[in-house]
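Hi,

Here is the structure I promised to send over. Please open it next to this email, and I will walk you through what turned up.

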Amino acid sequence: MIIAVDGPTASGKGTIAKALAAHFGLPHLDTGLLYRAVGRQVALNGGNPDDPADALVACAFPDSLLDDPELRSEASGGLASRVSLHPGVRQALYERQRAFATQPGGAVLDGRDIGTVIAPEAPAKLFVVASVSARAERRFKEMQAQGRAVALADIAADLEARDARDRSRAEAPLVAAADAVLLDTSDLNRDEAIAAAIAIVTKAAGSC
Ligand SMILES: Nc1ncnc2c1ncn2[C@@H]1O[C@H](COP(=O)(O)OP(=O)(O)O)[C@@H](O)[C@H]1O
Ligand SMILES: Nc1ccn([C@@H]2O[C@H](COP(=O)(O)OP(=O)(O)O)[C@@H](O)[C@H]2O)c(=O)n1
């Protein structure tokens, strides 16, 4: 079974996707990491993330880059959002994601366009959302735990800017698939969100 988990930044989709993979015994791909690697590679090349040619060259990043802890930074998230606008980049990363999704036995993928572009046939699709304040608070706590001094208002502004870019791009914008189930985690703790996601997928699996 393919499980598609999409949603904006800090909605909890990565947490949910990992938990679904463990629960259903499926491999998991965090597709955002691929876009982050492209963004980071552009920076390492001294290129411009807004230039389609520079971004395309960076799609040939080495696999070892996926282990770089810098990919998890907000800076890499912003770069990823900028390179992900380019149709050539999305096309270059398509096959890798599609092959992962269609492997025998199924898989869990999280990102922005899994239910709409990468695996539109997925029988289980979640679109995970949360309020801006809940998401900013989560990122704030994450950064505080890493000992980084950041203002809550700056985090909220950054994530709104990234969401706006992801939602308004022409190619594979962040949008819920028509057959996705919406899961709002604003008022759910981690365990409650995971339990709700498992219930949604179990129901979807039962009806396919
Ligand atoms: N339901 C939740 N309640 C509170 N914090 C959460 C919840 N889900 C995830 N988190 C925390 O919020 C942060 C972002 O979650 P993550 O799953 O990485 O989001 P995304 O993949 O959507 O960016 C992480 O620190 C995670 O531990
Ligand atoms: N399937 C995907 C995954 C990520 N992305 C882009 O990559 C950026 C980083 O994605 P991510 O999933 O790592 O970001 P977070 O939700 O973890 O903050 C997003 O803001 C999107 O612009 C995308 O376009 N398509």
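Which residues are the closest to ligand 2, and how many surround it? Please keep in mind that this is a predicted model. Ligand 2 is surrounded by 16 residues, and the closest are Thr9, Gly32, Tyr35, Ser84 and Gly111. Helix 2 (32-45), helix 4 (74-83) and helix 8 are the elements that give two or more residues to that shell. Sorted by class, the shell around ligand 2 holds three nonpolar, eight polar and five charged residues.

Now to the other ligand. Ligand 1 has 15 residues around it, with Gly12, Lys13, Gly14, Thr15 and Arg138 as the closest. Two or more residues each come from helix 1 (13-24), helix 7 (132-145) and helix 9 (190-206). Helix 1 gives the largest share of this shell, three residues. The classes here are three nonpolar, eight polar and four charged.

Next, the sheet. Five strands make up an open sheet with parallel pairing, and their order is 2-3-1-4-5. Strand 2 (28-30) and strand 5 (181-184) sit at the edges, each pairing on one side only. From one strand to the next, the twist averages 20°. If you would like one pairing to look at, try strand 4 (residues 124-129) and strand 5: they run parallel and are joined by four bridges. Within that pairing, Val129 has Asp184 of strand 5 as its bridge partner.

Two of the helices that line ligand 1 also meet the sheet. Helix 9 packs on the sheet and touches strand 1, strand 4 and strand 5, its direction making about 155° with that of strand 4. Helix 1 lies across strand 1 (2-6), strand 2, strand 3 (107-111) and strand 4, and runs at about 180° to strand 3.

What about the interior? The largest nonpolar core has 29 residues, and those with the most contacts inside it are Ile3, Val5, Ile16, Leu20, Leu109, Leu126 and Ala197. At least two residues of this core come from each of strand 1, helix 1, strand 3, helix 6 (114-118), strand 4 and helix 9. Leu126 is a good place to start looking: leaving aside residues up to four places away in sequence, Leu126 touches Val5, Ile16, Ala180, Val181, Leu183, Ala197 and Ile200. There is also a second, separate core of 15 residues, which includes Ala37, Val42, Ala55 and Leu79.

Finally, a look at two backbone angles. Most residues other than glycine have a negative phi. Ala10, in the loop between strand 1 and helix 1, has a positive phi near 65°. Is Ala10 buried or exposed? Ala10 counts as buried, because 25 C-beta neighbours lie inside 10 Å and the cut-off for buried is 20 or more. Ala172 is not a glycine either, yet its phi is positive, about 45°. Ala172 is found in the loop between helix 8 (152-168) and strand 5. With 19 C-beta neighbours inside 10 Å, Ala172 counts as partly exposed.

Happy browsing, and do write back with any questions.

Best wishes

Technical notes
Residues are numbered from 1 along each chain as its sequence is written. Chains are lettered from A and ligands numbered from 1 in the order in which they are written. This is a predicted model: local features need pLDDT of at least 70, side-chain atom pairs count only at pLDDT 80 or more; totals for chains, interfaces and linings use all residues. A residue is near a molecule or strand if its C-beta atom, placed from the backbone, lies within 6 Å of it. Ala, Val, Leu, Ile, Met, Phe, Trp, Tyr, Cys and Pro count as nonpolar, Asp, Glu, Lys and Arg as charged, and the others, Gly among them, as polar. Two strands pair if DSSP finds at least two bridges between them. Axes are lines fitted to C-alpha atoms, for helices over the stretch in contact, and angles run from 0 to 180 degrees between N-to-C directions. Two residues are in contact if their C-beta atoms, placed from the backbone, lie within 7 Å. A residue is buried if 20 or more other C-beta atoms lie within 10 Å of its own, exposed if 12 or fewer, and partly exposed in between; C-beta atoms are placed from the backbone. A nonpolar core is a set of buried Ala, Val, Leu, Ile, Met, Phe, Trp, Tyr and Cys residues joined through C-beta atoms within 7 Å.
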